[in-house]
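Student: I have a model open and want to talk through its domains and its DNA contacts. Can you take me through it?
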Protein chains: 2
Amino acid sequence: MAITYTTLEELPMPAACEPTPAMDIGRQLAVLADSVPITRRVVRPGERIYHAVDRFDRLYVVNVGICKTVNLSADGREQVVAVHFKGDWLGVGGIATGRYGCDAIAMDTGEIWSVPYEALTTACSRCPELLTVFHQAMSREILRERASMLALCTLPADARVAEFLRRWAEALSERGLRSDCVGLPMSRAEIGNFLGMTLESVSRALSRLARDGLIQFVDRARRQIEIPVPAALAAFVSRCVSEADSRRGALAC
Amino acid sequence: MAITYTTLEELPMPAACEPTPAMDIGRQLAVLADSVPITRRVVRPGERIYHAVDRFDRLYVVNVGICKTVNLSADGREQVVAVHFKGDWLGVGGIATGRYGCDAIAMDTGEIWSVPYEALTTACSRCPELLTVFHQAMSREILRERASMLALCTLPADARVAEFLRRWAEALSERGLRSDCVGLPMSRAEIGNFLGMTLESVSRALSRLARDGLIQFVDRARRQIEIPVPAALAAFVSRCVSEADSRRGALAC
DNA sequence: CGCAAAGTTGAGCGTCCTCAAGCAGCGTGG
DNA sequence: CCACGCTGCTTGAGGACGCTCAACTTTGCG
């Protein structure tokens with residue numbers, strides 16, 4: 001089983017033909033604020049930023065804080081489809097249909113920027129850099145959701161929780177925040193809903209991860225989680241994959 | 001909690017101004033072909049359109065045929081993340097990272113258009129209509145993936161297969177094709193991979209749906225599936241939801 | 001302090017996965 | 001032409017993972 005998988009990160013990217021280099025998140029926000037008139041709004045935990053049924057007219061960008069978007073289906077199902085950090089755009093699902101389609105809800109105190117979609121598109125015509133920022137944000141959103149789908153389909157429950165924590169810490173470190181200690185503003189039920197499992201299974205998975213030393217609870221409420229070795233979480237996920245799902249992943253192409 | 005936000009007051013949205021009405025798919029393709037120089041390519045079943053590791057430089061649009069995109073993770077997992085029909089854009093995941101990140105593979109004989117990303121963005125500056133087409137396509141992609149996640153998280157196996165068939169038929173009818181008879185160019189293993197279940201479970205689910213009269217097999221190879229009453233499939237999905245998952249969906253907001 | 005909400009843990013069970021066998025379609029070659 | 005192998009599909013039996021239900025503990029808040 002010593003197969004070497006070429007990961008995307010390992011491959012040499014010729015520096016000469018670098019396509020629009022990755023832009024710092026602060027820089028992205030600066031480009032946005034300089035190109036269009038921004039509306040700033042302070043939000044508090046649990047506050048709804050927009051409704052799924054609201055008519056789409058503006059896009060939102062997280063400047064401070066963390067938000068979730070909750071998808072609602074016609075038959076009453078609801079699911080947390082994404083968690084958004086600084087620099088993430090909210091509401092892009094509304095472009096195609098004219099309605100947002102998801103509820104967006106702040107998970108702690110923060111500041112949300114917003115810009116009318118009309119103003120954004122006209123500004124994009126003037127400012128190619130803004131166009132790049134916007135397109136990269138939508139592209140990242142697609143990548144995030146694909147990663148979620150992959151986790152849902154290929155990982156067992158414990159590994160899904162580990163992967164969830166790993167990605168949360170990764171999101172923090174990408175933004176220059178300390179990622180060794182994650183304070184989750186979500187209940188076990190919300191995490192379970194996001195990961196396609198019950199709150200009990202989330203609780204059990206966290207207990208097992210803590211027992212195995214992969215994480216540690218810092219407060220008695222068990223909402224703050226310390227990750228001593230982030231790489232150990234990733235290794236745990238990989239281990240779950242290799243020992244179990246050699247069958248499910250087999251796509252005879 | 002009855003706080004009035006300045007942002008909402010600023011938006012006296014007259015009901016008249018419907019935001020960019022939905023555009024016919026043929027029209028979308030026409031806008032694209034008229035705005036930028038298109039490269040056309042005929043593909044055959046199983047032919048790879050681009051590799052996950054390829055450097056991103058152009059976007060692809062399905063003109064004829066059906067394609068799948070397969071996500072590959074660093075630890076060897078792979079998953080069919082989407083099935084694309086006429087008018088769908090491929091490769092948008094590459095905008096953020098500079099690499100496609102997914103393999104795109106044709107599932108039957110078809111024609112794929114492509115356009116350099118650079119040429120597209122410059123053309124978008126000149127032609128706002130093209131910008132709208134492109135943004136709506138990306139937005140639809142996000143909505144599709146959210147719908148997939150919702151199905152993965154909230155539906156039992158049989159309902160996932162039913163929902164899969166329903167959405168396939170829906171995609172056909174949206175494009176003016178007959179949707180009562182669906183010819184699946186995917187193996188059971190591919191369907192299972194896409195839906196997060198094994199090929200045996202897919203086979204069993206299809207057998208049960210056929211036994212209950214919701215679908216019918218038209219050929220002996222069981223690749224062509226007839227859907228007598230599309231609404232019955234949707235009703236079956238809803239029924240699965242209401243009788244089972246009153247617990248999992250409970251998000252105490 | 002007392003109650004409600006959130007979290008943990010256990011026991012039992014059901015859905016779906018695993019493993020295995022058998023069957024049907026199909027191209028190959030003797 | 002049919003035997004042959006190959007691939008994909010179906011179906012069954014058994015087992016495991018995660019859900020359901022329930023009891024209990026802890027936290028937070030009036």
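Tutor: A term to start with: domain bounds come from an automatic or database domain assignment. This is a predicted model, in which local features need pLDDT of at least 70 and side-chain atom pairs count only at pLDDT 80 or more, while totals for chains, interfaces and linings use all residues. Residues are numbered from 1 along each chain as its sequence is written, with chains lettered from A and ligands numbered from 1 in the order in which they are written.

Student: What are the domains of chain A, then?
Tutor: The assignment gives domain 1 (23-144) and domain 2 (155-244). Their C-alpha centres lie 26 Å apart.

Student: How many residues of domain 1 of chain A are in contact with domain 2?
Tutor: Nine residues of domain 1 of chain A contact seven of domain 2, where contact means C-beta atoms, placed from the backbone, within 7 Å. On the domain 1 side these are six nonpolar, one polar and two charged. Ala, Val, Leu, Ile, Met, Phe, Trp, Tyr, Cys and Pro count as nonpolar, Asp, Glu, Lys and Arg as charged, and the others, Gly among them, as polar.

Student: Switching to the DNA. Which residues are closest to strand D?
Tutor: Pro156(A), Ser201(A), Arg220(A), Ser203(B) and Ser207(B), out of 22 residues that surround DNA strand D. A residue is near a strand if its C-beta atom, placed from the backbone, lies within 6 Å of it.

Student: Which element gives the largest share of that surface?
Tutor: H8(B), with six residues. Helices are DSSP runs (H or I, at least four residues), numbered from the N terminus, and strands are E runs of at least two.

Student: And how do the residues near DNA strand D divide?
Tutor: Into nine nonpolar, five polar and eight charged.

How values were computed: Contact = placed C-beta atoms within 7 Å.
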